[in-house]
Amino acid sequence: MRTPVESLDVWQLSHTMALEIYRTTKDFPKEERYGLAAQVRRAAVGIPANIAEGNARNSLREYVHFCHLARGSLAELRYLLRLARDLGLIDETTFEACTDGYDRVGKMLHYLIIGLRKRSQQNGSA
């Protein structure tokens, strides 16, 4: 059975992308296991995790706050992917696929935040 947050397209895509990041970073060199690989994974997981935590909160204001945290993790991850590419840890094709997916997540998060703000204003709790 799905939880309410698991029915959100933005959560589903960010979860799928996090799984892809885990597959991608498993081939990083051993010396990066606790360095860049771990940091990339944490940032990727932070996106769906923050969406889920915000969704579980009792206020729209808190939900928006956690969506902003997810966007922060997204920005961090985009940089880390660029760094991994520039260090030769991922190839250009992988970099492009990941950044394209995360661009979609970013747009979806943007519209989720707008929708939540509108609901909040309609409820008088802006």
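## Surface and overall build

The accessible surface of the protein chain comes to about 7,500 Å², and carbon and sulfur atoms contribute 51% of that area. These values, like every other value in this report, are computed from a predicted model. Of the 126 residues in the protein chain, 39% count as buried, and the C-alpha atoms fill a box of roughly 50 × 25 × 20 Å when this is taken along the principal axes.

The protein chain has 4 helices and 0 strands, which gives the pattern α-α-α-α when read along the sequence. Among contacts with a separation of 6 or more, 70% are made by residues 24 or more positions apart. As for charge, the protein chain carries 18 positive and 15 negative side chains, and the centres of these two sets lie 6 Å apart.

## Helix α4

Helix α4 covers residues 92–122, and its 31 residues should span 45 Å at 1.5 Å a residue; the C-alpha atoms at its ends are 45 Å apart, so the span in the model agrees with the expected one. At the N-terminal end, α4 is capped by D91, which has a side-chain oxygen 3.2 Å from the backbone nitrogen of T93. Beyond the other end, G124, just after α4, takes a positive phi of about 80°.

The buried residues of α4 are F95, C98, T99, G101, Y102, V105, G106, L109, L112, I113, L116 and S120. An α-helix has 3.6 residues a turn, so residues three or four places apart point the same way. The buried residues of α4 pack against three helices, namely α1 (9–25), α2 (36–56) and α3.

## Two buried hydroxyl residues

S73 lies in helix α3, which runs over residues 60–86. Because its relative accessibility is 12%, and buried means under 20%, S73 counts as buried. When neighbours within four places in sequence are left aside, S73 is in contact with A43, G46, I47 and N50; these four partners fall within the range 36–56 given for α2.

T24 is found in helix α1, and with a relative accessible area of 13% it falls under the same 20% cut-off, so T24 is also buried. Its contacts, again leaving aside neighbours within four places in sequence, are with I90 and T94. Of these two partners, T94 falls within residues 92–122, the range of helix α4.

Terms used
Residues numbered from 1 in each chain as written. Heavy atoms only, no water. Helix = DSSP H or I, 4+ residues; strand = E, 2+ residues; numbered from the N terminus. Buried < 20%, exposed > 50% of the residue type's maximum accessible area, 1.4 Å probe, protein only. Contact = heavy atoms within 4.5 Å. Areas by Shrake-Rupley, 256 points an atom, 1.4 Å probe, with all protein chains shown as cover. Lys, Arg positive; Asp, Glu negative; His and termini not counted. Charge placed at Lys NZ, Arg CZ, Asp CG, Glu CD. Expected span 1.5 Å × (residues − 1). Polar contact = N/O pair within 3.5 Å; in protein donor to acceptor, adjacent residues only side chain to side chain.
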